[in-house]
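I open this notebook for someone who has not seen the structure before. My plan is to look up a few places one after another and to write down what I find at each.

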Amino acid sequence: TSSKRTLRTLFRPPALPPPVVSKESPSQKKLLAYHKGKEEQKIVNQILIDRALEVYYIDMDEREERDAAPPITELPSTVRKYFFIKYFLFKYFFLKNCVQSNPMVPIQQQWLRSVLAMVPQSLMEGRDRELLTEDLLKEIVRDYEKSMQRCVLRRALVRPDIKELDKLEEEAPLPSLPLGLDFSSTWRNSYIKAKNQINSTLHILHPTMKTLLDFGYTAFFNFLVVDFSNCRLKGPIDCRSLKTDASLSCSKAEDKIMTTWYQRVLGLFSQPESLDGVKLDQLESFYNCVAVLLSNQLKELLQRTTEVFVKLFDLEDRRRLPIFKMDLTLDENRMEFYPSLQDLEEAILFVVDCIGQTLQNFQKVDAWLMGGTETLDAELPAHTVQWAKSTLGESISDNLEGPKQHFKGYVENYGWLVDGTAEERINTFIAEQPSFDEYT
């Protein structure tokens with residue numbers, strides 16, 4: 001055998017002491033068990049020292065230096081401490097590698113689809129955008145897997161408190177909780193309290209409200225304040241007739257609603273059963289709910305009427321477009337339309353204003369019961385009026401292109417006969433005293 005130390009001779013397999021079979025007293029057994037535990041602990045420590053030394057030997061480059069290395073027991077304490085640190089780092093990175101090599105739960109495709117659903121469609125059009133979207137999804141998957149790996153590593157492996165590890169392993173800290181948010185209190189109690197409060201104050205669930213909804217549906221589902229859908233069949237109409245018909249129609253519709261729907265509403269609240277289950281301190285909120293419901297029904301009727309009227313002037317469907325009577329007049333050497341094109345536009349927009357001014361004098365139920373003067377809020381929303389007038393303005397301008405061209409042709413061909421040009425040319429011709437042949 002060689003006199004040099006080798007790895008095989010240095011790291012002999014540990015041998016446990018042979019078992020002792022004898023009859024001892026309980027105190028002797030306890031004492032022997034204590035000594036046995038200390039012996040086993042020495043053996044475990046020796047194994048750790050051997051493994052740490054193995055790491056130290058493996059770190060050496062030259063085989064001769066590795067064979068000539070002194071035993072661990074002859075090394076200084078600082079060097080032995082270095083060996084143990086190296087050993088624990090070796091074990092930590094080995095276990096970390098084992099944890100990281102385990103397969104992770106993949107991200108669900110439903111989550112990725114939810115992320116894509118929140119991106120506007122305009123940002124996803126084009127080939128370059130599709131490639132960019134694929135890259136972003138891959139980046140999301142990588143970040144997810146990295147986060148899951150860090151989470152599993154933190155839960156499965158405790159990071160040793162060794163300063164040297166900070167230099168070898170640079171890892172960003174985990175995200176902290178948002179500042180200013182208190183998660184200490186539970187939400188269940190506040191949720192139950194809010195739910196009970198809603199159930200006690202949500203008057204829309206009261207049977208009386210259902211009856212009001214039935215009244216409104218029965219009275220308004222096929223009713224319009226102004227209906228000019230058959231206006232084209234009546235032939236050409238003038239602007240004054242349009243205004244008159246709109247005013248009369250709105251007035252008749254308001255009287256009809258007052259004598260039918262509104263009387264049914266007042267009759268309902270004349271009965272004490274309409275307030276069943278409503279406490280005295282809840283009457284104000286209950287009647288406010290009634291007012292909001294009735295206001296919404298009236299607003300919906302006016303809005304639907306406005307939309308139907310604007311639809312008559314649809315540029316893509318001219319089958320129901322009203323026909324207006326326009327006269328081409330000659331007055332004081334001027335040719336013009338009567339009524340003017342501006343008057344025609346004002347007459348059409350007048351119908352929108354007339355619709356918006358209808359149904360504005362209906363009293364609130366509680367005001368009617370107590371002799372008050374408050375009325376329901378049935379005013380058309382400002383954005384609806386603006387939409388109707390802008391849409392009608394574009395349609396009127398487009399439909400008046402024909403009359404404008406017709407008027408322009410008359411002016412270009414015959415305007416000189418009425419604007420004084422012809423008379424001036426005749427007077428100039430006569431003043432020149434032409435001959436008979438020139439006269440003829």
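Which residues is arginine 304 in contact with, leaving aside its neighbours within four places in sequence? I looked this up in what is a predicted model, and I found contacts with Phe220, Phe221, Phe223 and Leu224. Arginine 304 itself lies in helix H12, which covers residues 283–311, and a polar atom of its side chain comes to 2.4 Å from the backbone oxygen of phenylalanine 220.

Entry on the whole chain. I noted 18 helices and 2 strands in the protein chain, and I noted that buried residues make up 26% of its 440 residues. The chain exposes about 32,000 Å², of which carbon and sulfur atoms supply 55%. When I turned to contacts between residues at least 6 apart in sequence, I found that 74% of them join residues at least 24 apart.

Entry on alanine 246. I found this residue in helix H10, residues 239–259, and then asked whether alanine 246 is buried or exposed. Its relative accessible area is 0%, so alanine 246 counts as buried, the cut-off being under 20%. Leaving aside neighbours within four places in sequence, alanine 246 is in contact with Val226, Phe228, Val351 and Cys354. For one of these, valine 226, I also looked up the C-alpha separation from alanine 246, which is 6.4 Å although the two residues are 20 apart along the chain.

Entry on the strands. I saw that strand S1 (residues 327–331) and S2 pair in the antiparallel sense over 5 bridges, with aspartate 327 standing opposite tyrosine 338 in S2. Strand S2, residues 334–338, has a covered face made of Met335 and Phe337, while Arg334, Glu336 and Tyr338 are on the uncovered one. I set a general point beside this: in a regular strand the side chains alternate between the two faces of the sheet.

Entry on salt bridges. The structure holds 7 salt bridges, and I looked up three pairs, beginning with aspartate 377 and lysine 299, whose side chains meet at 3.3 Å, N to O. Aspartate 377 lies in the loop between helix H14 (365–370) and helix H15 (382–399) and lysine 299 in helix H12, so this pair ties together parts that are 78 residues apart in sequence. Both partners are partly exposed, aspartate 377 with a relative accessible area of 44% and lysine 299 at 22%.

I then went to arginine 318 and aspartate 398, which form a salt bridge with the closest N and O atoms 2.9 Å apart. Because arginine 318 lies in the loop between H12 and S1 and aspartate 398 in helix H15, the pair ties together parts that are 80 residues apart in sequence. Arginine 318 is partly exposed at 39% relative accessibility, and aspartate 398 is partly exposed at 37%.

The third pair I noted is aspartate 317 with arginine 319, again a salt bridge, with 2.9 Å between the closest N and O atoms. Here aspartate 317 is partly exposed at 25%, whereas arginine 319 is exposed, with a relative accessible area of 66%.

Entry on the surface. Which element gives the most to the nonpolar patch? The patch is formed by Leu328, Tyr410, Tyr414, Trp416 and Leu417, with about 460 Å² of accessible area together, and helix H16 (residues 401–418) gives the most, with 4 residues. I checked leucine 417, which is in helix H16, and found this residue partly exposed, with a relative accessible area of 48%.

Key:
Residues are numbered from 1 along each chain as its sequence is written. This is a predicted model: local features need pLDDT of at least 70, side-chain atom pairs count only at pLDDT 80 or more; totals for chains, interfaces and linings use all residues. Side-chain values use heavy atoms; hydrogens and water are left out. Patches are made of residues with over 30% relative accessible area and no salt bridge: like charges are joined within 9 Å, nonpolar side chains (Val, Leu, Ile, Met, Phe, Trp, Tyr) within 5 Å. Accessible areas come from the Shrake-Rupley method with a 1.4 Å probe; for residues, only the protein chains shown count as cover. A salt bridge is a side-chain nitrogen of Lys or Arg within 4 Å of a carboxyl oxygen of Asp or Glu. Buried means under 20% relative accessible area, exposed over 50%, partly exposed in between (1.4 Å probe, protein chains only). Two strands pair if DSSP finds at least two bridges between them. Contact means heavy atoms within 4.5 Å. A polar contact is a pair of N or O atoms within 3.5 Å; within protein, one must be able to donate a hydrogen and the other to accept it, and residues adjacent in sequence count only if both atoms are side-chain atoms.
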